[in-house]
Amino acid sequence: MDVFDPLPNQWHSADQQLMFALTVPVEADLFYPQWRDPAVAHQLGMTPPANVNDVRTMLAYYIGNAQTGSAARYTVRHGQTVIGICGFNDIDRADSRVEIGYEILPAYQHRGWGSALVAAMVDQAWQDLDLNRVGAGVLPANTASLAVLRHNGFTTEGTLRQFTRIGDTVYDLVMCSKVRALDK
């Protein structure tokens with residue numbers, strides 16, 4: 001892929017269990033109820049959106065980023081059921097790396113979907129996007145997400161102290177990665 005190639009509109013996990021489609025603004029209603037919860041928003045590294053229109057605006061922004069190949073948000077479905085959302089953030093084709101983010105909706109948590117989703121994202125990054133490094137930054141208290149990354153063979157590289165701001169507070173961030181050239 002070239003530097004500004006658009007990201008795919010949709011793709012499937014290797015086992016065809018999960019379908020990933022660019023999240024569109026009309027899907028804001030699916031995620032707003034959870035994202036307005038301060039505890040959930042905190043784990044996602046954001047302040048809670050004030051209203052559903054804020055979520056629509058954010059999702060429209062990511063559609064534009066997907067068109068330039070720099071980032072994207074995907075709604076994740078198992079069959080016709082939406083189970084979560086994920087994203088490729090800060091795609092850097094020159095350095096062959098990307099950061100991922102993901103969230104499983106509450107009704108589908110603790111069923112292995114997080115691990116399946118992350119595995120599919122790594123495959124997509126390594127194969128279709130032809131990137132070498134997949135990284136993830138996680139708040140230290142988010143033990144469930146850290147477990148998902150460990151299950152998928154990510155290496156914990158360390159903690160970036162006072163690295164990310166959420167609202168008025170600065171937090172540490174645990175950095176994890178999986179490198180195609182080293183961790184296949």
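Me: Buried means under 20% relative accessible area, and exposed means over 50%. In this predicted model, is Trp-11 buried or exposed, and which term applies to Phe-88?

Reply: Trp-11 is buried, and Phe-88 is buried as well, which means that each has a relative accessible area under 20%.

Me: How many aromatic pairs does the structure hold, and what kind of pair do Trp-11 and Phe-88 form?

Reply: Six aromatic pairs are present. For Trp-11 and Phe-88 the centres are 6.2 Å apart and the planes are at 35 degrees; since pairing requires centres within 6.5 Å, and planes that are neither under 30 nor over 60 degrees apart count as tilted, this pair is a tilted one. Trp-11 belongs to strand β1 (residues 10-12) and Phe-88 to strand β4, 77 residues apart, so that the pair links distant parts of the chain. Ring pairs also join these two residues with Phe-20 and Tyr-74 in a cluster.

Me: Why is the pair of Tyr-61 and Tyr-62 called edge-to-face?

Reply: The ring centres lie 5.5 Å apart and the planes stand at 75 degrees; because planes over 60 degrees apart count as edge-to-face, the pair of Tyr-61 and Tyr-62 takes that name.

Me: What makes Tyr-61 count as exposed, and what makes Tyr-62 count as buried?

Reply: Tyr-61 has 53% relative accessibility and therefore counts as exposed, the cut-off being over 50%. Tyr-62 has a relative accessible area of 17% and is therefore buried, the cut-off here being under 20%.

Me: How do you know that the charged end of Arg-73 sits over the ring of Tyr-62?

Reply: The charged end of Arg-73 is 4.0 Å from the centre of the Tyr-62 ring, to be set against a limit of 6 Å, and the term also requires a position within 35 degrees of the ring normal. Arg-73 is assigned to this arrangement with Tyr-62.

Me: What is noteworthy about the phi of Ser-96, and is Ser-96 buried or exposed?

Reply: Most residues other than glycine have a negative phi, yet Ser-96, which is not a glycine, has a positive phi of about 55 degrees. Ser-96 is located in the loop between β4 and β5, and its relative accessibility of 17% makes it buried. Gln-162, in strand β7, likewise has a positive phi, near 50 degrees, but its relative accessibility of 53% makes it exposed.

Me: What makes β7 and β8 a pair of strands, and in which sense do they run?

Reply: Strand β7 (residues 155-166) and β8 share eight bridges in the antiparallel sense, whereas pairing needs at least two. Leu-160 has Leu-173 in β8 as its bridge partner. In the hairpin of these strands, with two residues between them, Gly-167 takes a positive phi near 65 degrees. On the same test, β6 and β8 also pair, being antiparallel and joined by six bridges, with Met-175 in β8 as the bridge partner of Gly-137.

Me: Which residues touch the most other members of the largest nonpolar core?

Reply: Of its 36 residues, Phe-20, Tyr-74, Phe-88, Ile-100 and Leu-117 do so. Among the elements that each supply at least two residues of this core are β2 (19-22), β3 (72-78) and α4 (113-128), and α4 gives the most, with eight. Beyond its neighbours within four places in sequence, Leu-117 is in contact with Leu-18, Phe-20, Val-76, Cys-86, Tyr-102 and Ile-104. Another core, of 13 residues, lies apart from it and includes Phe-31, Val-40, Ala-41 and Val-52.

How values were computed:
Residues numbered from 1 in each chain as written. Predicted model: local features only at pLDDT ≥ 70, side-chain atom pairs only at ≥ 80, totals over all residues. Heavy atoms only, no water. Core = buried A, V, L, I, M, F, W, Y, C linked by side-chain atoms within 4.5 Å. Buried < 20%, exposed > 50% of the residue type's maximum accessible area, 1.4 Å probe, protein only. Helix = DSSP H or I, 4+ residues; strand = E, 2+ residues; numbered from the N terminus. Contact = heavy atoms within 4.5 Å.
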